[in-house]
Each structure stands twice: as structure tokens, then as C-alpha cells.
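User: Please take a close look at one part of this protein and walk me through it step by step. I am new to reading structures, so plain words are best.

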Amino acid sequence: MPVSIPSAPAERAQALRQTLNHHAHLYYVLDAPTLPDAEYDRLFQELQALEAAHPELLTPDSPTQRVIGKVLDGFASVRHAVPMLSIRTETDTEASGAENFDARVRRELELAPEAAALDYAAELKFDGLAINLRYEAGVLVCAATRGDGESGEDVTQNIRTIGQIPLRLAGVNAPVLEVRGEVYMRRDDFERLNERQRQAGEKTFVNPRNAAAGAVRQLDPGIAAQRPLSFFAYGLGEVQGWEVPATHSGLLDALATMGLPVCADRALVQGAAGLVDFHQRMGAKRDALPFDIDGVVYKVNERALQQRLGFVSREPRWAVAHKYPAQEQLTLLLDIDIQVGRTGKLTPVAKLAPVFVGGTTVSNATLHNEEETRRKDVRIGDTVIVRRAGDVIPEVVGVVLERRPADVGEPFDLYKRLGGQCPVCQSEIAREENEARVSVEWRCTGGLFCPAQRKQAILHFAGRRALDIEGLGDKLVDQLVDVGIVSSLPGLYKLGVAKLAALDRMADKSAQNIVEALEKSKHTTLARFLFGLGIRQVGETTAKDLARHFGGLDALMDASTEQLLEVKDVGPIVARSIHTFFAQAHNREVVEQLRAAGLSWEEGEGAAAARGPQVLLGKTLVLTGSLPTLSREQAKEMIEAAGGKVSGSVSKKTHFLVAGAEAGSKLAKAEELGLAVLDEAGLLALLQGDT
Ligand SMILES: NC(=O)c1ccc[n+]([C@@H]2O[C@H](COP(=O)([O-])OP(=O)(O)OC[C@H]3O[C@@H](n4cnc5c(N)ncnc54)[C@H](O)[C@@H]3O)[C@@H](O)[C@H]2O)c1
Ligand SMILES: [Zn+2]
């Protein structure tokens with residue numbers, strides 16, 4: 001809901017209370033916030049300031065006066081023996097945030113200015129949700145959320161699925177020991193979870209906190225168990241029969257000894273200077289941490305002093321959270337660009353009004369794919385939430401519908417937006433298909449020609465199972481393309497020793513070897529060539545089937561989808577993919593240029609003849625050890641050309657074992673099963689039909 005600037009403070013306070021309560025409900029109860037925290041915090045502070053200036057406006061139901069939250073229907077309610085509070089926040093991300101806290105504590109303890117610096121326990125502020133773990137006689141009996149601070153939800157079943165949380169404490173049998181801590185989701189676990197959701201065409205989570213909260217408050221423990229959660233302990237609830245250490249740092253050490261996970265990034269520091277230093281060190285480390293933090297927490301270390309300081313309404317006076325720049329911010333979506341990845345994948349990218357988020361200024365963020373963009377209903381002109389955390393690329397995680405202008409753009413339509421063409425090479429674009437569902441990914445079909453796909457196309461073409469050009473790896477391809485010596489596959493065959501030797505870190509001898517490897521690769525097979533083209537859906541086996549069926553390249557390139565469907569194991573998806581590929585004039589040109597460069601293979605009747613009689617039809621062979629002249633690949637090709645199958649393991653179904661030097665367990669197994677064992681000569685004889 002838009003918050004306009006009202007005239008009277010009373011109206012403003014009322015509007016803020018309403019807005020904050022609405023968003024607190026979305027956040028705490030539904031686990032589905034539609035505002036970034038930074039925005040919520042701004043409004044919260046405005047209300048606090050207003051209430052401080054006009055105490056008569058303060059109402060008991062103000063969100064500034066209580067911990068918000070509610071027990072979700074479906075969970076039993078648990079009354080906390082000791083209330084679970086919030087922590088006061090210093091949003092001033094500069095050093096003064098720490099200095100203010102230290103000054104306040106010293107004032108409240110009535111310390112003289114010359115009194116020694118105080119000890120503080122400094123910790124990370126984990127961005128997850130608070131959980132109270134109740135251990136009785138050392139055994140976990142109940143786990144509860146914070147709820148409204150007085151009562152929370154009984155989520156014991158779900159919490160039990162978190163492997164890091166001990167079901168029994170090590171070495172402690174106290175009648176009651178309640179441990180408090182944060183359940184969170186690691187960033188990599190979160191990314192994987194969202195990727196799975198995306199692949200399945202399901203809703204993604206806004207951030208790890210949200211995903212963790214959703215998992216903990218999941219009514220189906222089976223689903224909760226599949227969500228990867230982690231835990232850090234940082235405090236206590238009710239305690240009976242256990243002597244609580246005199247300091248907070250001592251308490252954390254004790255919790256670790258009991259087998260509870262305690263974060264190693266913590267420190268015992270002195271005075272404001274120590275706090276400032278910790279804040280800076282952790283700020284520098286923030287992006288490299290495997291989980292999200294939104295700040296650090298400072299706690300007065302001596303328990304006796306904590307008790308003297310006590311509490312105000314919803315927070316202790318002895319602790320404060322000192323924030324870092326937010327990892328989520330609002331900004332305007334100016335436009336949507338479409339980027340072509342190295343495998344031809346088309347990704348919508350948001351062009352944003354520059355915004356400071358996660359410590360840097362961001363003006364581009366990924367929208368992942370068309371389906372997700374539509375599911376989130378992201379449109380040009382919208383106010384969007386941008387997230388940047390760690391080294392993950394910035395992404396648009398949601399839209400603030402309440403701020404959608406009347407003249408907002410149409411729902412996103414990638415095909416329409418591109419006019420059906422790749423923005424880099426103008427080839428047709430196609431949605432990748434698979435058996436389960438039409439995938440969410442659009443791709444450029446000009447794989448051989450598209451400049452965006454050059455490097456990938458060359459690497460694949462040169463691969464061992466394709467043209468097998470030895471020495472043409474990642475780094476060399478990067479260099480060749482980056483300096484502009486090679487811009488497409490045929491360009492490879494124009495490389496000379498001089499050009500190669502001029503490259504960085506390239507000796508004459510290596511250059512010579514590469515030129516020789518290129519020369520050698522010109523004599524190939526149709527199957528290898530086809531596989532090397534990198535047509536989507538055409539793997540090594542399909543390439544072989546196609547080569548066998550059509551005998552020649554021209555017949556294949558001109559084949560209709562119906563004709564392609566006649567090939568063994570080729571279904572409609574594969575047929576369409578091949579047909580679309582050869583329908584791109586640019587792809588065909590590249591193929592012609594490769595042939596002109598001297599690439600050749602046996603075709604047609606010749607190829608069929610060379611294939612020889614299908615003497616091994618229906619036979620399964622296993623290869624082991626090294627053969628004197630044939631490579632494993634060559635032997636496999638010959639066997640398959642004769643209609644045989646090559647399997648990786650010996651069983652009763654194996655017809656022949658072909659054993660070379662240093663044959664090991666497979667040979668022993670074959671002998672044990674009484675199978676026929678051949679050497680290379682025996683294999684060749686078999687292929688000749690001599691046996
Ligand atoms: N986006 C929204 O719409 C929306 C709505 C409501 C609240 N919020 C966000 O929720 C937060 C509100 O504050 P709050 O009262 O829930 O609590 P809080 O998150 O600011 O602070 C208290 C909590 O900090 C956590 N914590 C993490 N590390 C800790 C440590 N080392 N020691 C002690 N506690 C630690 C605990 O879970 C504790 O409950 C703000 O960040 C606010 O932006 C957002
Ligand atoms: Zn393209």
C-alpha cells in the first residue's frame with residue numbers, strides 16, 4: 001500500500017502502523033514478504049521517531065511495542081517459559097552504530113568516563129529464524145518458533161530432520177536446558193533449491209531466510225526433510241539444574257562442547273573500538289561467508305552486567321544488532337534485455353535504475369527465464385526487489401504490485417519481444433523441448449554461426465568424442481576467439497604454425513602439434529562430424545544412428561521431420577531439433593565451409609560397404625585392458641559398425657570379452673563364467689567373419 005505524506009502526525013502514525021502490521025503479517029505469518037527488509041526498517045524507524053516526538057501517539061498495539069508473529073493453524077502452540085525477544089537495531093552502518101551502543105551501555109551502567117573499556121561478545125547476525133530447543137535430561141523434547149514472543153509454534157517434527165541439531169546433548173543431563181539459536185539455509189543450498197523449483201516450473205523463494213522459515217513451518221515433515229537447513233546456537237531460554245557460565249563467550253564455548261553448532265566467526269572484544277573493528281572485519285568477509293547475515297550482534301559479555309541492564313519492552317538493553325548495507329532493495333525496472341549464453345540459452349536481464357544493494361551499485365539483474373518472469377509478473381515500469389548476496393549474480397526476486405503504475409508494460413513475452421530471432425545472430429529461436437514438459441528455456445538455434453556461442457561450439461567440435469583435435473582446450477579456444485584469430489569452426493583449419501606460435505605461452509612445438517592434430521581430424525566419420533556440430537538433442541549414439549541410417553550428410557540435411565522419425569530411437573523432439581538446425585542457412589554455410597576446408601568421411605554405398613556385414617548383430621562384447629594397436633574408441637566403433645553392442649561390465653549376457661594387456665577383474669570374472677575371451681587378433685578375425 002502506498003504511503004503518501006499525510007498532513008498530521010496522528011494520521012501518519014496510523015498509516016505507518018497499518019502498513020507495518022500488514023507487512024509483518026506477510027513476513028512472520030505467511031513467510032511471503034512483498035517488501036525488502038530495508039524498506040520495512042525505514043518505515044519502522046519513521047514510526048519510532050514519530051512516537052518519540054509525540055508520546056501521545058503511542059498505542060499498545062504499535063509494532064514498535066511488541067514482537068509480532070502468530071501461531072499458524074495446524075501447529076500446536078507452545079508457551080515460552082522465558083519470552084523470546086527481539087534485538088534493538090542500529091541501522092547506521094557506519095562506525096558510529098557501535099559507538100552509540102557502547103556509550104548507551106556505559107551511561108546506563110553509570111560508568112565513569114575513565115572506567116575501563118567493557119568486554120563485549122561479538123557475533124554474526126544470522127538471517128534465519130529463531131528457534132527454542134528444549135532439552136530435558138539432555139534429550140530434545142520440544143522445538144518452537146518465536147511466534148509473538150510469548151507463545152510459538154511446536155515445530156519439533158521438522159526440527160528433528162535437521163542433522164546438525166543434536167537429539168541428545170553431550171555430557172549434560174540437566175532437568176531443563178533451553179538453547180536458542182537460528183535456523184537458516186546456506187546460500188548454496190538455497191540456490192540449488194531454487195534451481196530445482198525453477199526446473200520443475202514451481203515458485204522460487206525470495207531469499208534463504210524465507211525458504212528456511214517456510215521449511216520450518218511446513219506442515220508436511222516429509223517436505224521439510226527435503227529442505228536443507230542448518231543451525232547456529234547463540235543463547236539460552238529456561239534453565240534448571242545447570243550452572244550458567246558467567247560470561248556470554250563462556251556460554252557459547254559450553255554450548256559447542258555439548259555438540260551444538262556454534263559459529264566460529266565470533267570474538268571477545270573490548271570497548272567501542274573492538275566493536276568497530278569486528279564490524280569492519282566481518283563486513284569485509286560477508287560476501288565470502290556461505291550464509292546470509294544482515295549484520296553483527298554485540299552483547300555485553302558479563303552476565304551480571306546483563307542482569308543489571310535488563311530489558312525494555314521488546315528488547316534487551318545489553319544487546320544490539322549493527323547492520324550492514326541491505327542485500328535487497330527496491331528499484332525501478334527500466335527495460336528487459338535478452339542475453340545469449342555460450343550454449344545459446346536466452347536469458348532475460350533486467351535493466352534497472354541503479355541501486356546500492358549488497359555493498360555495490362547494481363544496474364543489471366537476471367530474471368532467469370521467461371516462465372519465472374511471468375510467474376512473478378515482472379513488467380517494465382514496475383518497482384522490483386533486487387537481491388545481491390555473496391558472489392551470486394544479482395537477481396530480481398519480486399515485484400511490489402502495490403506500486404505498479406497505470407501505464408505498466410505488457411506481461412513479458414520473450415518470443416514477441418525478439419520477433420522470433422536471436423538478438424546476436426538473427427537465427428530462429430526455439431523453446432527447448434523434453435519429454436516431461438516444454439522447458440522454460442528459449443535458445444538460439446544458430447549454434448554453428450552465433451558469435452555468442454563460438455567458444456562453446458569450437459570446444460565441443462574439438463572434443464575427444466567429436467573431431468578429437470588434441471591440444472585444442474579451454475584456454476587456447478578462449479585466446480583464439482578473444483584475439484579474433486578464429487571466429488567460427490572453418491577458421492580453425494586456416495590456422496598455421498606461425499599464427500599459433502605468436503600466441504601467449506605457445507611454444508613452436510605445441511603449435512606444430514596442433515596444426516598436425518587439425519590435419520588429422522579432417523579424416524573423420526560422419527557420426528563424429530554430426531556429433532561435433534553440437535545439435536541440441538543429438539548425442540553420440542543418435543549421431544551414429546543418423547549416420548548409419550542416412551549414409552550421407554546431404555540426405556540428412558535435407559530430410560523432412562517425417563523422414564527423420566524413421567531413424568531408430570529418434571522421436572519427434574529430436575527430429576524437430578535436427579530439422580530446425582539445418583533449416584538455418586547460416587548453419588548450412590558453416591557445414592559447407594568445413595567440407596571445403598577438406599573435412600571428409602566415407603559416405604553412401606561406400607560407407608554401407610565399409611560397415612561390412614552385421615556379423616555381430618545381437619552380440620554383446622566387453623573391452624578390457626589395452627589392445628596392441630586399436631584404441632578403445634576404435635575397437636568400439638568397429639564392433640558397433642558390425643552391429644554389436646559394447647557393454648561396460650561382464651555378466652552372463654556377455655558374448656565375448658576382448659582382453660588386452662593388463663586385463664584385471666573383468667578377465668577373471670569372464671573366466672569364472674566360462675565366457676569366450678579374445679585378443680585383438682581374435683576380434684579382427686571375428687569382424688572379418690572368419691570364425
Ligand atoms: N520485509 C518485510 O516485510 C518485513 C516485515 C517484518 C519484519 N521484517 C524484518 O524482520 C526483522 C525484524 O526484527 P525482529 O524483531 O524479527 O528481529 P531481528 O531479526 O531484528 O532480531 C532478533 C532476531 O535476531 C536473530 N539473531 C540472529 N543472530 C543472532 C545472534 N547472534 N544473537 C541473537 N539473535 C540473533 C534471532 O532470530 C532473533 O530473534 C527486521 O530485519 C525486519 O526488516 C521484514
Ligand atoms: Zn544466435
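Analyst: A loop is a good place to start. Alanine 137 sits in the loop between strand 4 (129-136) and strand 5 (139-145). The model is a predicted one, and the values below are computed from it. Phi of alanine 137 is near 50 degrees, which is a positive value in a residue other than glycine. Is alanine 137 buried or exposed? A residue counts as buried with 20 or more other C-beta atoms within 10 Å of its own, and as exposed with 12 or fewer. Alanine 137 has 14 other C-beta atoms within 10 Å, so it is partly exposed.

The two strands beside this loop belong to a sheet. This open sheet has four strands in the order 5-4-7-8, and their pairing is antiparallel. Strand 5 and strand 8 are at the edges with a single partner strand each, so each has one side without a neighbour in the sheet. On average, neighbouring strands of the sheet are turned by 25 degrees against each other, ignoring direction. As background, strands of a sheet pair through backbone hydrogen bonds, either parallel or antiparallel.

Strand 4 can be followed further. Strand 4 and strand 7 (residues 176-184) run antiparallel and are joined by seven bridges. In one of these strands, strand 7, glycine 181 is the bridge partner of isoleucine 131. Helix 6 (residues 208-216) packs on the sheet and touches strand 4, strand 5 and strand 7. The direction of helix 6 makes about 130 degrees with that of strand 7.

Strand 4 also leads to the ligand. The shell around ligand 1 takes at least two residues from each of helix 1 (9-29), helix 2 (37-53), strand 3 (119-126), strand 4 and strand 8 (230-240). Which of them gives the most? Helix 1 does, with four residues. In total, 24 residues surround ligand 1, and the closest are His23, Tyr27, Asp37, Ser86 and Ala130. The shell divides into 14 nonpolar, four polar and six charged residues.

Where does ligand 1 lie with respect to the domains? Both domain 1 (9-65) and domain 2 (79-323) give residues to the shell, so ligand 1 lies between them. Domain 1 has a further contact, with domain 3 (329-418). Five residues of domain 1 are in contact with five residues of domain 3. On the domain 1 side, these residues are three nonpolar, one polar and one charged. The centres of domain 1 and domain 3, taken over C-alpha atoms, are 28 Å apart.

Notes
Residues are numbered from 1 along each chain as its sequence is written. Chains are lettered from A and ligands numbered from 1 in the order in which they are written. This is a predicted model: local features need pLDDT of at least 70, side-chain atom pairs count only at pLDDT 80 or more; totals for chains, interfaces and linings use all residues. Domain bounds come from an automatic or database domain assignment. Two residues are in contact if their C-beta atoms, placed from the backbone, lie within 7 Å. Ala, Val, Leu, Ile, Met, Phe, Trp, Tyr, Cys and Pro count as nonpolar, Asp, Glu, Lys and Arg as charged, and the others, Gly among them, as polar. A residue is near a molecule or strand if its C-beta atom, placed from the backbone, lies within 6 Å of it. Two strands pair if DSSP finds at least two bridges between them. Axes are lines fitted to C-alpha atoms, for helices over the stretch in contact, and angles run from 0 to 180 degrees between N-to-C directions.
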